Amino acid sequence: YNGSNWTKTSYSNDLESGEQSQKAWYKQEDFEGSFPPEGWQTGGDANWFQDSSAYYSGSHSAASGDINDNQNTWLSITKTFSEDTTVTFYWKVSSEANYDFLVFCYDLSDCSRTTYTKRISGSVDWTQESQSVTAGTHEFKWMYAKDSSVSRGSDMGWIDLVDFGIVEVDANKTPVTYEDVISDLYELIHNITVTVYVSYYNNSG
């Protein structure tokens, strides 16, 4: 467990053969731990921050920083995927419709309010979005960007519950063996503590 990311390593093939493959599974990033989470970066004219006033799940979300006209604020992460998958996330915006945008960019080096993969503006409550992802290394960036004038609503955007599905193979982990499994099971059983509660009833009057 690392912040709000749970990591589960699974192994395939026959344990006795010693020929196992590894995959790391990352659950949703819900922005409940430290901010920015490990591996994430934020920048632009202001940093994103952890917000407890608006969220889709839990008690926090990631919110765009406070910016002025013709400015932007972004949050990004790069991940390596072992196979094709689908990334999902929830986002919300309160802005000047059709001018100030919460933008999502998938592998776009020139991400902006006019160069984007997907974008929303105006008053949009929490909505799930998805992105098909191929095996390999990819950058995901969320940006709130304003035009040259006018502010409406809260003038900001939020994201929450980002699910990366199946991602990178962890080259730092040693493949599991049959002996490892038996050893771990023995250790688990050996360390089990059993607490017995005895209730005594006094019937002497």
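Biologist: Let's start with the open sheet of 5 strands that includes strand 12: what order do its strands take?
Modeller: Bear in mind that this is a predicted model. The pairing in that sheet is antiparallel. Reading across its 5 strands, the order is 4-5-12-7-10.

Biologist: And which are its edge strands?
Modeller: Look for the strands that pair on one side only. In the order 4-5-12-7-10, those are the two at the ends: strand 4 (49–51) and strand 10.

Biologist: How much does the twist average from one strand to the next there?
Modeller: We're still on the sheet with the order 4-5-12-7-10. Going from one strand to the next, the twist averages 35°.

Biologist: Which residue in strand 5 is the bridge partner of Gln 50?
Modeller: Strand 4 and strand 5 (residues 61–63) run antiparallel, joined by 3 bridges. Follow Gln 50 across to strand 5 and you land on Ala 62.

Biologist: Now for the other sheet, the one with strand 11: which of its strands stand at the edges, and why is one side of each left without a neighbour?
Modeller: This open sheet also has 5 strands with antiparallel pairing, in the order 3-6-11-8-9. Each edge strand has a single partner strand, so one side has no neighbour in the sheet. The twist averages 15° from one strand to the next. The edge strands are strand 3 (40–44) and strand 9 (118–121).

Biologist: Which residue of strand 9 stands opposite Phe 104?
Modeller: Strand 8 (residues 101–106) pairs with strand 9 in the antiparallel sense, over 4 bridges. Across from Phe 104, in strand 9, is Lys 118.

Biologist: Which salt-bridge partner does the side chain of Lys 118 meet?
Modeller: The N to O distance of this salt bridge is 3.0 Å. Lys 118 sits in strand 9 and its partner in strand 10 (residues 123–133), 11 residues apart. Lys 118 is partly exposed at 21% relative accessibility, and the partner is partly exposed too, at 22%. That partner is Glu 129.

Biologist: Is His 138 buried or exposed?
Modeller: His 138 belongs to strand 11 (residues 136–145). Its relative accessible area is 8%, and the cut-off for this class is under 20%. So His 138 counts as buried.

Biologist: Which side chain makes a polar contact of 2.6 Å with the side chain of His 138?
Modeller: His 138 has more than one polar partner to sort out: its side chain also reaches the backbone oxygen of Thr 134, at 2.7 Å. Leaving out residues up to four places away in sequence, the residues His 138 touches include Ile 77, Phe 81, Tyr 106 and Val 133. The side-chain partner at 2.6 Å is Asp 107.

Biologist: How far apart in sequence are the parts that Lys 146 and Asp 100 tie together?
Modeller: The two form a salt bridge, with the closest N and O atoms 2.8 Å apart. Lys 146 is in the loop between strand 11 and strand 12 (156–163), and Asp 100 in the loop between strand 7 (85–94) and strand 8, so the pair connects parts separated by 46 residues.

Biologist: Which residues do shared salt-bridge partners join into one network with Lys 146?
Modeller: Besides Asp 100, Lys 146 meets Asp 155 in a salt bridge at 3.1 Å, N to O. Lys 146 and Asp 155 are both buried. With Lys 146, the network takes in Asp 69, Asp 100 and Asp 155.

Biologist: Where is Pro 36, the residue that a cis peptide bond joins to Phe 35?
Modeller: Omega for that bond is about -5°. Pro 36 lies in the loop between strand 2 (21–26) and strand 3.

Biologist: What is the phi of Val 150, which is not a glycine?
Modeller: Val 150 is in the loop between strand 11 and strand 12, and is partly exposed with a relative accessible area of 33%. Its phi is positive, at about 75°.

Biologist: Where is Leu 161 found?
Modeller: Leu 161 also has a positive phi, near 50°. It is buried, with a relative accessible area of 18%. Its place is strand 12.

Definitions and conventions: Residues are numbered from 1 along each chain as its sequence is written. This is a predicted model: local features need pLDDT of at least 70, side-chain atom pairs count only at pLDDT 80 or more; totals for chains, interfaces and linings use all residues. Side-chain values use heavy atoms; hydrogens and water are left out. Two strands pair if DSSP finds at least two bridges between them. Axes are lines fitted to C-alpha atoms, for helices over the stretch in contact, and angles run from 0 to 180 degrees between N-to-C directions. Buried means under 20% relative accessible area, exposed over 50%, partly exposed in between (1.4 Å probe, protein chains only). A polar contact is a pair of N or O atoms within 3.5 Å; within protein, one must be able to donate a hydrogen and the other to accept it, and residues adjacent in sequence count only if both atoms are side-chain atoms. Contact means heavy atoms within 4.5 Å. A salt bridge is a side-chain nitrogen of Lys or Arg within 4 Å of a carboxyl oxygen of Asp or Glu.
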